[in-house]
Amino acid sequence: MAFAEVRFPTDIAFGSTGGPEYSTDVVILQSGHEQRNANWAQSRARYNVAHGVKTKAQLDTLIAFFRARKGRADGFRFKDWTDYQGTGQSIGIGDGSETVFQLKKSYTSGSVTETRIINKPVAGTITIYVDGTPQNGSAYVADTTNGEITFTSPPALSAIVTADFEFDVPVRFDTDRLSASLDTYGSHSWQDIPLAEIRV
């Protein structure tokens with residue numbers, strides 16, 4: 001499926017609402033107890049960007065962006081202002097031969113840790129460390145289209161590889177129709193412009 005390596009306008013994204021979503025089937029038994037089945041191992045984010053449109057210029061930009069993506073047809077990058085950075089994130093341990101490491105971000109609550117694969121890091125924001133020492137730009141290549149870090153020489157056995165980075169969420173419009181309303185002269189609004197995270 002088509003994916004455009006372009007970012008949704010960040011000024012409109014700043015006024016959006018949304019976050020991670022899970023899919024859980026809940027069956028209530030005759031006793032009143034519940035049986036719950038988690039359908040997804042990883043969350044999938046949803047957003048609504050309608051409230052980020054404040055000016056006519058933003059409206060024009062949004063219409064052009066929506067037309068370029070053909071509604072739900074093409075995916076694109078989205079900056080989730082509530083969660084767009086990773087600092088000191090562990091991405092692997094060297095074995096003396098492996099050169100490719102995937103960017104990840106971990107979320108820990110008590111004894112539970114969920115690891116999120118980062119596929120769309122932002123160019124120019126990535127710093128890789130080996131045993132706490134920052135690596136220079138010639139030591140690795142960062143692929144910002146899939147989040148893979150490729151070292152020119154493999155990290156040593158037991159070396160801890162960590163990363164700092166910013167990242168975007170791969171999303172698509174979750175509607176094929178935009179419906180604007182004219183509130184006052186020169187003022188427009190939309191009630192609902194949904195975005196859905198996609199697997200890439």
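Colleague: Is Arg-36 buried or exposed?

Modeller: The model is predicted: local features need pLDDT of at least 70 and side-chain atom pairs count only at pLDDT 80 or more, while totals for chains, interfaces and linings use all residues. Residues are numbered from 1 along each chain as its sequence is written, and side-chain values use heavy atoms, with hydrogens and water left out. Buried means under 20% relative accessible area, exposed over 50%, and partly exposed in between (1.4 Å probe, protein chains only). Because its relative accessibility is 58%, Arg-36 counts as exposed.

Colleague: Which residue meets Arg-36 in a salt bridge?

Modeller: A salt bridge is a side-chain nitrogen of Lys or Arg within 4 Å of a carboxyl oxygen of Asp or Glu. The partner is partly exposed because its relative accessible area is 42%. The N to O distance is 3.0 Å, and the partner of Arg-36 is Glu-34.

Colleague: How many residues apart are Asp-168 and Arg-7, which form a salt bridge?

Modeller: The closest N and O atoms of Asp-168 and Arg-7 are 2.9 Å apart. Asp-168 sits in the loop between strands E15 (160-166) and E16 (169-173), and Arg-7 in strand E1 (residues 3-7); helices (H or I, at least four residues) and strands (E, at least two) are DSSP runs numbered from the N terminus. Asp-168 is buried at 4% relative accessibility, whereas Arg-7 is partly exposed at 31%. The pair thus links distant parts of the chain, and the separation is 161 residues.

Colleague: Which residues are linked with Arg-7 in a network of salt bridges?

Modeller: The count for the model comes to twelve salt bridges. Those in the network with Arg-7 are Glu-5, Arg-77, Lys-120 and Asp-168.

Colleague: How far apart in sequence are the parts that Lys-105 and Asp-83 tie together?

Modeller: The side chains of Lys-105 and Asp-83 meet in a salt bridge of 2.5 Å, N to O. Lys-105 lies in strand E9 (residues 104-109) and Asp-83 in the loop between strands E6 (75-78) and E7 (85-93), so the parts tied together are separated by 22 residues.

Colleague: Which backbone nitrogen lies 3.1 Å from a polar atom of the Asn-48 side chain?

Modeller: Asn-48 is in strand E5 (residues 44-48) and is buried because its relative accessibility is 14%. Leaving aside residues up to four places away in sequence, Asn-48 touches residues including Ser-16, Thr-17 and Gln-191, where contact means heavy atoms within 4.5 Å. The nitrogen at 3.1 Å belongs to Ile-193.

Colleague: Which are the edge strands of the open sheet of six strands?

Modeller: Two strands pair if DSSP finds at least two bridges between them. The strand order is E1-E6-E16-E19-E5-E2, with mixed pairing. An edge strand pairs on one side only, and the two are E1 and E2 (17-21).

Colleague: In E19, what is the bridge partner of Phe-173?

Modeller: E16 and E19 (residues 194-197) pair in the antiparallel sense over three bridges. Opposite Phe-173, the partner in E19 is Leu-195.

Colleague: Along strand E14, which side chains point to one face and are buried?

Modeller: In a regular strand the side chains alternate between the two faces of the sheet. E14 (residues 148-151) alternates, with Glu-148 and Thr-150 pointing to the other face and not buried. E14 runs antiparallel to E8 (residues 100-102), with three bridges. The buried side chains of E14 are Ile-149 and Phe-151.

Colleague: Which residue takes a positive phi in the hairpin of E13 and E14?

Modeller: Three bridges join E13 (residues 140-142) to E14 in the antiparallel sense, and Ala-142 stands opposite Ile-149. Five residues lie between the strands, and the one with a positive phi near 80° is Gly-147.

Terms used. A polar contact is a pair of N or O atoms within 3.5 Å; within protein, one must be able to donate a hydrogen and the other to accept it, and residues adjacent in sequence count only if both atoms are side-chain atoms.
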